[in-house]
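Open the model in your viewer and keep the selection panel at hand. The stops below say what to select next and what is there.

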Amino acid sequence: MSIRLEVSMLSSVGIARKQCVPVHSARRDCDARPPFRTLAFLVAQTCSLPYRRFAIGSASASSRALGLAARLQDAILRYGRLQICATLNQWCRAGRSWSRLALTLLPGLLAQADELSDAQKLFLKGDYAECIRSASEAMKERFTREEWPILFTRAQLQLGRYREALGIVTNALTRHSRSIPVRLLAREVFLQNGRTEDARDMLQEINELAGARRLNYPDAASFVALGKAALLLGADARLVLENFFNQAKKADPEYRDTYLAIGQLALEKYDYDLASKTFHEGLKKFRSDPDLFYGLAKAFSTGERTNLVENLDKALQHNPRHTPSLLLVADHQIDAEDYAEAEKTLEKVLAVNPVHPEAWAYRAVLAHLRSDPEGETKARETALKYWKTNPRVPYLIGQKLSQKYRFTEGSAYQRQAATWDAEYVPSKIQLAQDLLRLGKDEEGWRLAEEVHKKDAYDVVAYNLVTLRETLANFRFLTNQDFAIRMAPHEAETYGNQVVELLGQAKAALSQKYEFETPKPTMVEIFPEQKDFAVRTFMMPGGEGYLGVCFGNVITANSPASQTASPSNWKAMLWHEFCHVVTLGLTKNKMPRWLSEGISVYEETRAHATWGQTMIPRYREMIMKGELTPVRDLSAAFLTPKTSFHLQFAYYQSSLVVEFLVERFGFDALKGILKDLGEGKEINAAIEARTAAMPKIETEFEAFARRKAEELGPDLEWKRPEGQPGRARGEAALDLIPHNGDDQWMEKHPRNYWVLQLKAKRLIQQKKWEDAKAPLKTLIENYPDQVGQDSAYLLLASAHRGLNETDLERQALSRVAALDADAIDAFLRLMELASATGDWSEVAANAERFLAVNPLVPGPYRYLGRAHEELGRPQKAIEAYQILLKLDPPDPADVHFRLAKMLHTAGDHSAKRHLLKALEEAPRFLEAHKFLLAITQEKPAASPPPADAPPAKANP
């Protein structure tokens with residue numbers, strides 16, 4: 001079936017081009033034909049071209065002719081150029097008598113165009129009943145264009161009147177026997193009535209009509225319909241885009257359905273850039289079209305949710321009953337775990353269409369999330385009431401469950417969809433994603449490859465297939481608990497540390513939560529952020545994420561992909577493995593805020609410098625009443641105002657966990673997780689193990705305020721007017737926007753922001769001694785400062801400027817004890833400690849640095865030297881071996897030192913490294929001396945084998 005239609009792509013385009021009459025032939029018509037045909041023909045053919053004035057001038061100049069031309073131009077903008085032009089063209093070609101008839105009927109055509117336009121506006125506004133009334137009246141006329149039954153049918157479908165729609169479209173098929181758009185709509189109606197064989201017949205008829213070269217489909221509506229049919233028949237999406245949809249846009253740039261078709265195709269193939277661009281372009285022409293606003297919202301469904309919400313609001317302003325937009329609102333509310341509001345939104349959809357399949361599919365999702373199997377079954381059956389094998393229903397249910405990390409249940413629904421329609425691509429690619437997140441790689445990759453071979457335009461399938469080629473070069477590190485996949489050079493550098501860290505996390509957290517995680521846990525660490533994004537989200541993006549856990553599969557960015565603000569990779573992996581425990585314990589039935597809150601909480605319990613602590617901006621938000629109610633915390637992750645608000649959502653979630661543990665005990669937290677695993681709703685689980693939610697909300701707010709007030713209680717925290725906050729460290733700005741700001745500063749000597757500003761100004765002026773006073777005041781009153789603007793860092797700068805090395809070291813040591821990410825402080829401490837021979841301090845700070853970035857040579861050089869001086873040859877060997885893999889600036893020295901440590905350990909490869917040192921530096925005197933020394937050493941006598949006979953004494 002698909003071959004014929006694909007061949008007809010080019011032929012139909014060619015037919016359309018043949019219908020475009022060149023201007024020079026139009027001039028001959030003006031000269032040779034009577035003015036009546038000239039007027040109708042040329043107005044129809046050239047009304048939107050630069051030659052319009054010439055055409056009308058060559059025709060009758062009567063006021064009636066000019067009036068008709070003006071009205072025709074207006075009607076074309078509202079009704080569609082090619083549809084009117086094609087009709088007039090046919091009449092004009094038939095002869096002079098038909099030309100006069102064209103002029104006679106032209107006013108009626110224009111009036112019908114006005115009526116159709118008004119009815120279409122009713123449809124777009126959501127007044128479907130009035131639209132049906134208008135269409136019903138219009139279709140009583142003998143000569144009715146196909147747009148009327150199409151509009152009539154679509155209005156009936158919107159109201160769920162599938163049986164009535166079937167009667168209308170059946171009549172339309174008889175009346176408009178060669179219409180492609182009518183047949184495409186008929187296919188949809190047949191499907192909604194469960195008549196799948198008739199739906200297939202419609203595609204077959206479209207294919208045959210499109211393949212008949214004698215037929216003429218030059219209008220945009222037919223181009224779009226043919227393109228949609230080609231896609232359904234399996235045609236290449238890129239060819240359809242080029243040969244149908246783009247041709248439709250060229251034929252009639254004012255035809256709105258073209259923008260919808262291109263945008264929808266882009267959405268289906270996950271080409272969100274093209275979708276966004278197309279819907280924006282369409283909205284420039286149709287500024288109040290809810291379908292276009294909805295499409296634009298969908299284009300943001302995997303990105304910035306604020307844009308999604310804004311465009312949905314606009315769509316619903318123009319049509320409050322716009323069911324696609326209402327369904328997307330419900331979808332968003334389910335993601336935000338606002339299930340009560342999602343139910344209310346679905347009620348609005350069902351008020352329009354009581355049997356809407358997708359609305360009932362969403363209800364099945366909500367029932368599943370409530371652990372209501374009977375309600376889920378009933379909702380699913382209602383969704384399939386008219387079309388028993390609609391693959392969209394199980395696909396949608398499964399997709400939403402997978403988005404809730406219920407991958408096992410979600411994949412089961414996708415398999416159900418496949419049994420009903422083995423060629424349903426959305427279900428197939430979703431199943432591939434589910435399997436990959438379940439760790440079932442073999443089948444997941446196979447499905448992704450299958451989709452890609454069938455549809456090269458599918459962006460997700462392409463991304464996955466490309467990623468698989470990258471992963472093929474990764475190295476596996478395995479033991480009984482973990483299967484870790486890393487880039488080869490990273491596995492060699494710090495792979496053993498990853499295995500060790502994860503083992504420690506498993507031992508600590510599995511015991512603490514009394515849960516044995518499934519074996520093995522899969523961990524994939526990506527040096528390229530884009531590869532991490534594709535593996536995690538199937539699309540590029542997600543720059544703010546360090547790692548993600550799907551249950552028993554962890555994906556993570558490696559330190560190689562970190563930006564200017566690096567993070568501790570050990571803390572990140574501990575955080576993610578905690579998810580493995582809590583998601584497994586609850587069978588993935590926990591809200592996001594609790595999952596993230598526990599992981600951040602456990603970071604802080606594992607290491608004093610990990611996790612998050614109270615900072616000035618958090619204090620400010622809490623004191624201003626910006627805490628999110630506990631019941632709404634998951635939504636704070638979905639639609640944060642800024643990236644800092646997202647960071648605050650993590651902190652507040654951990655604070656809630658800390659409150660619950662302090663107030664009700666750790667066993668209460670474990671009880672909540674147990675109840676969630678048994679299907680209990682989160683608020684009910686909290687209340688069962690602690691107290692009523694209103695009491696929890698009140699007590700938590702007091703707890704958070706107390707924590708905030710404990711930060712620098714003797715400091716003034718009023719922010720100078722006009723100062724915005726910063727995410728980390730909260731530096732004061734360079735100016736305080738007050739008249740006479742120095743005078744204002746004098747009146748607020750203990751203001752946190754003023755003290756910061758004073759210190760920074762004095763340091764910039766190199767007034768090192770003067771800067772100490774405000775910095776010491778800050779430290780005395782806020783001793784746990786972290787971040788790039790920490791008073792300790794500023795004080796260290798002052799001491800360094802005064803050559804007070806010991807005091808600088810003391811300040812930096814305090815930074816190192818508070819902040820796990822302060823790599824500049826770690827590096828400086830290594831320099832200072834090595835100068836004084838404090839090798840234990842050198843080793844400690846080298847380890848701290850490598851927990852943030854293990855892929856640079858400097859810390860390994862310090863670490864190797866420290867272990868060498870501390871008499872730890874094996875550890876020194878490990879450090880120097882890794883250092884050699886990182887292209888150190890002085891490889892000769894590294895080989896020499898490694899040779900010394902290997903020789904101490906009795907390793908015969910010491911001589912090889914000495915030779916490499918001399919190869920790098922032939923005049924390396926110490927290496928020459930050491931090589932001579934070990935060459936002259938007598939080899940130690942090897943002990944006899946255990947089973948060898950005793951040596952005989954000489955006679």
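Select Gly547 and Ala556: the bridge partner of Gly547 in strand 5 is Ala556. The model you are looking at is predicted. Widen the selection to strand 4 (residues 547–549) and strand 5, which pair in the antiparallel sense over three bridges. The two strands form a hairpin, with three residues between them. Select Gly551 in the turn of that hairpin: its phi is positive, about 135°.

Now keep strand 5 alone, residues 553–557. Are its residues buried or exposed? Five of the five are buried, and the strand is mostly covered. In a regular strand, side chains alternate between the two faces of the sheet. For strand 5, colour Val553, Thr555 and Asn557 for one side, then Ile554 and Ala556 for the other. Both faces are covered, and these residues are all buried.

**From strand 5 to strand 3**

Add strand 3, residues 521–526. How many bridges join strand 3 to strand 5? There are five, and the two strands run parallel. To find the pairing on screen, pick Met522, whose bridge partner in strand 5 is Val553. Then pick Val523, which stands opposite Ile554 in strand 5.

Strand 3 is also mostly covered, with six of its six residues buried. Its side chains can be coloured in two sets: Thr521, Val523 and Ile525 point one way, while Met522, Glu524 and Phe526 point the other way. Both sets are buried.

**On to strand 2**

Add strand 2, residues 482–486. Strand 2 pairs with strand 3 in the parallel sense, over four bridges. Met522 comes up again here, as the bridge partner of Ala483 in strand 3. To see what connects the two strands, select helix 28, residues 488–513. Strand 2, helix 28 and strand 3 make a β-α-β unit, and its hand is left.

**A loop: Ser301**

Leave the strands and select Ser301. Where is Ser301 found? This residue is in the loop between helix 17 (290–299) and helix 18 (305–318). Ser301 counts as buried because its relative accessibility is 18%, and the cut-off for buried is under 20%. Show the side chain of Ser301: it reaches the backbone oxygen of Lys298 at 2.7 Å. Beyond its neighbours within four places in sequence, Ser301 is in contact with Tyr272 and Leu308.

**A helix: Arg848**

Go next to helix 44, residues 839–850, and select Arg848 within it. Arg848 has a relative accessible area of 31%, so this residue is partly exposed. With neighbours within four places in sequence left aside, Arg848 is in contact with Ala816 and Phe826. Now add Asn568, which is 280 residues away from Arg848 along the chain. The C-alpha atoms of Arg848 and Asn568 are separated by 8.8 Å.

**The whole protein**

Zoom out and select everything. The protein has 955 residues, of which 55% count as buried. Its secondary structure comes to 49 helices and five strands. Among contacts between residues at least 6 apart in sequence, 61% join residues at least 24 apart. Turn on the surface last: the accessible surface comes to about 43500 Å², and 51% of this area belongs to carbon and sulfur atoms.

Conventions. Residues are numbered from 1 along each chain as its sequence is written. This is a predicted model: local features need pLDDT of at least 70, side-chain atom pairs count only at pLDDT 80 or more; totals for chains, interfaces and linings use all residues. Side-chain values use heavy atoms; hydrogens and water are left out. Buried means under 20% relative accessible area, exposed over 50%, partly exposed in between (1.4 Å probe, protein chains only). Two strands pair if DSSP finds at least two bridges between them. Contact means heavy atoms within 4.5 Å. Accessible areas come from the Shrake-Rupley method with a 1.4 Å probe; for residues, only the protein chains shown count as cover. A polar contact is a pair of N or O atoms within 3.5 Å; within protein, one must be able to donate a hydrogen and the other to accept it, and residues adjacent in sequence count only if both atoms are side-chain atoms. A crossover is right-handed if, with the strands pointing away from the viewer, the path from the first strand over the helix to the second runs clockwise.
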